[in-house]
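Here are some short exercises with worked solutions. Try each task before reading its solution.

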Amino acid sequence: MRRRGAGLTARRHAASALHGGSRIRSVLSDTEIQRVLVFAAHPDDVDFGTAGTIAGWTDAGISVVYCIVTDGDAGGHDDSVPRAEIAPLRRKEQTAAAACVGVTDLRFLGYPDGRVEATLGLRRDLARVIRQVRPDRVVCPSPERNYARLGVSHPDHRAVGSAALDAIYPDARNPYAFPELRAEEGLEPWTVREVWVSGGLAPNHYADVTDTFGRKIAALRAHGSQTGHMDTLEEFLRDRLTQLAAQGGLPDGRLAEAFQVLDVG
Ligand SMILES: [Zn+2]
C-alpha cells in the first residue's frame with residue numbers, strides 16, 4: 001500500500017534556496033517515482049550511506065532494488081574465519097540488512113572486492129540491470145576522490161560510480177550501445193530520470209531520516225562481520241547525520257543523509 005506524503009524524502013526545496021552555504025536542489029516528488037535502483041560496490045555501503053532514505057521510500061510504496069557489484073570478500077577482521085566463507089556470509093548479511101528497510105530484491109554481480117575497474121564490461125553489466133529494473137531514480141556512489149574522507153572514495157566506490165553514470169548515460173538509453181543487450185537478451189533501452197550520488201563532494205539534497213534512523217542502525221548491525229566491533233556506531237552516525245542535517249538547513253534535532261542529485265531525464 002502506498003502511503004503518500006510520508007514527509008521523509010518528500011521534502012522539497014526551492015532550487016534557488018541556499019542553506020549553510022550549499023546550493024539546495026529540488027528533486028522529483030516521490031509520488032512520481034515507482035522504482036529505484038541502488039548501485040553499491042560492497043555489502044554495507046548502502047546501509048552506511050542511504051538506508052535511512054531508502055526506508056522512507058519503501059514506506060511510501062516505492063519498489064527498491066539493490067545491485068551490489070562485489071561480495072565484499074576482502075572485508076572482515078577475523079583471521080579465524082576462512083576467506084572462502086566471507087562472500088556468502090556478506091551476501092547473507094546484506095540480504096538481512098535490506099529486509100530492515102523494506103528491500104527484498106538484491107542482485108549480486110560477484111566482482112572481486114578491491115579490484116573493480118570502470119571497464120566497458122562493468123558498464124554493460126550495470127546497463128543490463130538498469131534495463132531489467134527500469135528505475136525512475138538511481139542511487140550510486142561518487143566517482144570522485146574525497147580528500148577529506150578517503151574511506152568514502154574507496155577505489156571500488158569510484159569505479160562503480162563512474163561505470164554507473166556511464167551506464168545511465170548513454171548506455172542504458174542508447175539502443176545502439178551494447179546492442180547485444182537488445183539482440184540477445186531482449187532488453188529495450190531505458191532512460192533514468194534522476195540520479196542521487198552518495199558520498200560526493202558537493203551534496204545538494206539532504207533527506208530527513210530522523211524517523212527511520214533506528215532501522216538504518218538495525219540494517220548496519222545486520223552486517224555483523226563488519227560492525228560487530230563498532231561499539232559507538234550509533235553515536236558516531238547520530239553525530240554525523242546531525243551535522244549533515246544542519247548543513248542542509250533542517251531544524252535542530254533532525255538527522256539527514258546527503259546526496260548530489262543530478263537531473264538526467
Ligand atoms: Zn565500500
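**Exercise 1: the zinc site**

In sequence, the donor residues of the zinc ion follow the spacing H-x2-D-x111-H. The model is predicted.

Task: Find which atoms coordinate the zinc ion, and decide how its site should be classed.

Solution.
- Step 1: List the donors. H42 gives ND1, D45 gives OD twice, and H157 gives NE2. They lie at 2.0 to 2.8 Å.
- Step 2: Check the angles. Among the four donor atoms they run from 51 to 117°.
- Step 3: Apply the cut-off. Four donors count as tetrahedral if all angles lie between 85 and 135 degrees. An angle of 51° fails that test, so the site is not tetrahedral. The site of the zinc ion is irregular.
- Step 4: Look at burial. H42 and D45 are both buried.

**Exercise 2: helix α3**

Task: Work out where the buried residues of α3 sit around its axis, and what they pack against.

Solution.
- Step 1: Place the helix. α3 covers residues 86-100, 15 residues in total. Its first and last C-alpha are 21 Å apart, close to the expected 21 Å.
- Step 2: Name the buried residues. They are I86, A87, R90, E93, Q94, A97 and A98.
- Step 3: Find their side. They cover an arc of only 140° around the axis, so they are on the same side of α3.
- Step 4: Find their partners. These residues pack against α1, β4, β5, α7 and α8.
- Step 5: Step past the end. Just after α3, G102 has a positive phi of about 80°.

**Exercise 3: confidence**

Task: Find where the pLDDT is below 50.

Solution.
- Step 1: Start with the whole protein. Its mean pLDDT is 91, and 91% of residues reach 70 or more.
- Step 2: Locate the stretch. Over residues 1-22 the pLDDT is below 50.
- Step 3: Draw the lesson. Where pLDDT is low, predicted coordinates should not be read in detail.

Technical notes: Residues numbered from 1 in each chain as written. Predicted model: local features only at pLDDT ≥ 70, side-chain atom pairs only at ≥ 80, totals over all residues. Heavy atoms only, no water. Helix = DSSP H or I, 4+ residues; strand = E, 2+ residues; numbered from the N terminus. Expected span 1.5 Å × (residues − 1). Buried < 20%, exposed > 50% of the residue type's maximum accessible area, 1.4 Å probe, protein only. Arc of directions from axis to C-beta. Contact = heavy atoms within 4.5 Å. pLDDT = per-residue confidence, 0-100. Donors = N, O, S within 2.8 Å, 3.2 Å for Na, K, Ca; no water. Tetrahedral: all angles 85-135°; square planar, octahedral: opposite > 155°, others 65-115°.
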